[in-house]
Amino acid sequence: MIVNKIDRKNYDCIIIGGGGAGLRAAYTLAKSNHKVAVVSKVYPSRSHTCAAQGGINAAVGNAGQHKDDWRFHMYDTVMGSDFLGDQKAIEYMCKEAPDAILELERMGMPFSRDDNGRIYQRSFGGQTVNYGGEIAKRTCAVADRTGHALLHTLYQQCLSLNVNFYSEWFAIDLVRAANGHVVGVVAMDLETSALQFMKSHFTVLATGGAGRIFKSSTNAYTCTGDGLAMAYRLDLPLQDMEMWQFHPTGIFGVGILVSEGTRGEGGYLVNGDNERFMPSYAPHFKDLACRDFVSRCSMIEIREGRGCGPNKDHVGLQLSHLPKAVFKEKLPGITELSRVYANIDPMVDPIPVVPTCHYMMGGIPTNKDAEVVDYNLGSGDQVVPGLYACGEVANVSVHGANRLGANSLLDLVIFGRSAGQSIKDKLDQGVADVPVSDDDVHQAIQRFFEFESNHNSGAAKSVSELRVMMQEIMQNDFGVFRTEISMKTGLEKLKQLDDQIRECQLVDKSKSFNTARVELLELDNLMKVAISTAKSAVYRTESRGAHSREDYQSRNDDSWHCHTIDKIKMDPVKRPVDMSPEIVDAIPLRERAQ
Ligand SMILES: Cc1cc2nc3c(=O)[nH]c(=O)nc-3n(C[C@H](O)[C@H](O)[C@H](O)COP(=O)(O)OP(=O)(O)OC[C@H]3O[C@@H](n4cnc5c(N)ncnc54)[C@H](O)[C@@H]3O)c2cc1C
């Protein structure tokens with residue numbers, strides 16, 4: 001039996017993902033001398049966290065005319081989420097944020113500084129003081145390379161604590177024992193294609209997002225939703241998968257992000273008549289309204305014929321009025337990106353931008369200790385023993401229907417730490433070994449060997465053809481504006497494409513760094529995420545946050561103030577939103593002001 005030939009290793013904890021979330025979890029565990037390994041399909045410092053530009057939120061209170069407070073941060077996050085965020089988790093994240101920033105500073109993260117030497121803070125979308133009052137400056141930044149600095153800081157700390165890194169290893173599927181415990185993962189060494197069963201008391205999914213389901217995306221090519229698909233295949237739930245954030249300022253034609261920090265520094269959007277259009281839609285927040293709202297306004301300008309360029313198919317991001325020093329000190333990265341990818345100098349001309357898929361608010365439901373939670377109608381929430389999730393793959397849920405800019409890096413460090421801490425506590429108390437049978441391991445590699453041994457005739461479509469077809473469906477039928485007819489047609493087409501993946505033939509069987517094999521496995525994962533997104537989007541018959549339906553244009557709290565739970569073999573169901581913060585009173589439902 002093939003299972004017998006697979007190498008095995010034992011760990012206290014396996015973390016799948018070497019981005020900000022995975023490394024923050026690893027840091028806590030390694031500090032307490034537990035045997036922890038991090039598996040990453042790319043070298044950890046190449047994870048998508050490295051691309052984060054604008055910053056990380058915390059009510060540190062170094063900038064702005066009015067003193068900031070974590071309660072204001074909580075209020076903004078709940079409002080930004082369009083009340084789909086769980087208030088206990090949001091309260092915890094916002095309260096812990098200032099300490100988390102100071103901890104990063106002590107680890108050596110080189111934050112930009114103000115004139116007094118304190119951590120520099122800029123404005124980002126949806127940030128206010130005094131519960132919806134003046135615009136706040138809450139985003140701590142390292143110029144416009146915050147993620148780069150965060151990831152390298154955490155990686156260096158992990159190296160100094162001797163974390164075991166499996167760099168360029170691809171996790172294929174989780175192993176679940178007969179008693180329901182998740183007991184590790186089967187992963188493949190990309191250099192040799194050798195498989196290994198990494199057995200562990202605890203497994204953490206920190207595999208990041210899946211923005212590559214869309215044709216135009218700011219996400220790295222590695223953001224293929226592998227962790228989501230691993231959980232989905234185990235019949236675990238995905239939550240709020242209809243909620244995808246479109247960032248208003250992806251460079252037109254290439255999708256590369258231009259940080260919201262540009263608008264935080266005073267930049268604004270213009271239409272084809274060179275008119276600043278946001279103040280007429282959002283008199284209070286103007287260009288710093290929430291991303292879902294700004295994206296819709298840009299799309300309305302384009303749809304109504306007021307776009308820029310010969311085809312009037314994008315808008316402009318005006319920065320040329322900003323002082324030269326701002327480009328040099330605060331926005332050096334985006335100045336370079338605009339020159340290389342848009343062929344313009346942002347000190348002279350507006351950057352051509354268009355709403356572009358950026359972030360997955362949905363994910364694997366967890367509690368605030370980052371334990372994965374299964375949900376069934378009738379029996380409610382149940383923790384999945386042995387399995388944790390943190391970072392973009394998880395849905396704890398702090399972002400609800402719309403994430404505030406610079407709250408994701410915060411989510412990584414807060415809930416990465418929660419995962420590490422909760423696992424440490426359990427390991428310290430002692431855990432019993434869970435027996436694993438060959439059959440359990442076999443389940444996790446079956447899919448892999450089916451692809452290996454597929455010998456269809458040449459009629460099947462190639463991986464790249466299927467991927468392009470999926471991305472076009474997602475872009476056209478599940479973009480900024482959605483409607484039932486096109487979504488239902490899109491879902492049917494996706495299901496057909498999913499069947500066609502089974503026909504895909506792996507022509508290249510070479511062992512060393514076989515990218516064709518990886519792309520096939522990734523496409524299979526992407527397709528699961530796309531289908532779950534489509535099912536959830538058809539299900540929610542209202543407009544909330546990023547989910548904007550032309551056939552149901554208003555928010556409907558009576559029927560839809562709830563999460564969407566989707567599992568591979570069933571139709572979506574509703575799960576209550578948590579409205580029970582532990583310290584302050586719950587923020588009651590109300591309309592979002594712009
Ligand atoms: C361009 C851009 C700019 C952004 N700017 C900001 C910002 O300024 N502020 C902010 O708060 N947020 C920002 N975000 C969002 C934020 O950066 C991400 O949500 C966050 O970095 C995700 O971190 P993560 O640790 O969950 O995953 P990632 O950093 O994506 O890491 C995922 C890890 O999982 C590994 N992995 C995945 N699948 C497998 C597999 N099958 N086997 C083995 N390993 C696997 C990868 O190798 C990688 O190490 C930005 C996002 C983008 C795309």
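Biologist: At roughly what angle do the axes of H2 and H12 cross?
Modeller: This is a predicted model, where local features need pLDDT of at least 70, side-chain atom pairs count only at pLDDT 80 or more, and totals for chains, interfaces and linings use all residues. Residues are numbered from 1 along each chain as its sequence is written, and side-chain values use heavy atoms, leaving out hydrogens and water. The elements are DSSP runs numbered from the N terminus, namely helices (H or I, at least four residues) and strands (E, at least two). The axes (lines fitted to C-alpha atoms over the stretch in contact, with angles from 0 to 180 degrees between N-to-C directions) come within 7 Å for H2 and H12, and they cross at roughly 35°.

Biologist: How many residues of the contact of H2 with H12 are nonpolar?
Modeller: The contact (heavy atoms within 4.5 Å) includes Gly20, Ala21 and Arg24 of H2, and Leu412, Val413 and Gly416 of H12. Of the residues of this contact, 5 are polar and 3 are charged, glycine being counted as polar, and the nonpolar ones number 8.

Biologist: Which residue offers a polar side-chain atom to an oxygen atom of the ligand at 2.7 Å?
Modeller: Backbone N or O atoms come first to hand, since a polar contact is a pair of N or O atoms within 3.5 Å. Glycine 19 has such a backbone atom 3.4 Å from an oxygen atom of the ligand, and glycine 20 has one at 3.2 Å. The polar side-chain atom, at 2.7 Å, belongs to serine 47.

Biologist: How many residues of the shell around the ligand are charged?
Modeller: There are 39 residues around the ligand (a heavy atom within 4 Å of it), and Ser47, His48, Thr49, Glu392 and Leu409 come nearest. Among the elements that each supply at least two residues of this shell are helix H2 (20–31) and helix H12 (408–429), together with strand E2 (36–40) and strand E14 (351–360). By class, 16 residues are nonpolar and 19 are polar, and the charged ones number 4.

Biologist: Which two residues are joined by a cis peptide bond?
Modeller: Most peptide bonds are trans. Here one bond has an omega of about -5°, and one of its partners, serine 397, is found in the loop between strand E18 (394–395) and H12. The cis bond joins valine 396 and serine 397.

Biologist: What is the phi of lysine 286?
Modeller: Lysine 286 is found in the loop between helix H8 (278–281) and helix H9 (291–303). Although lysine 286 is not a glycine, its phi is positive, at about 50°.

Terms used: Polar contact = N/O pair within 3.5 Å; in protein donor to acceptor, adjacent residues only side chain to side chain.
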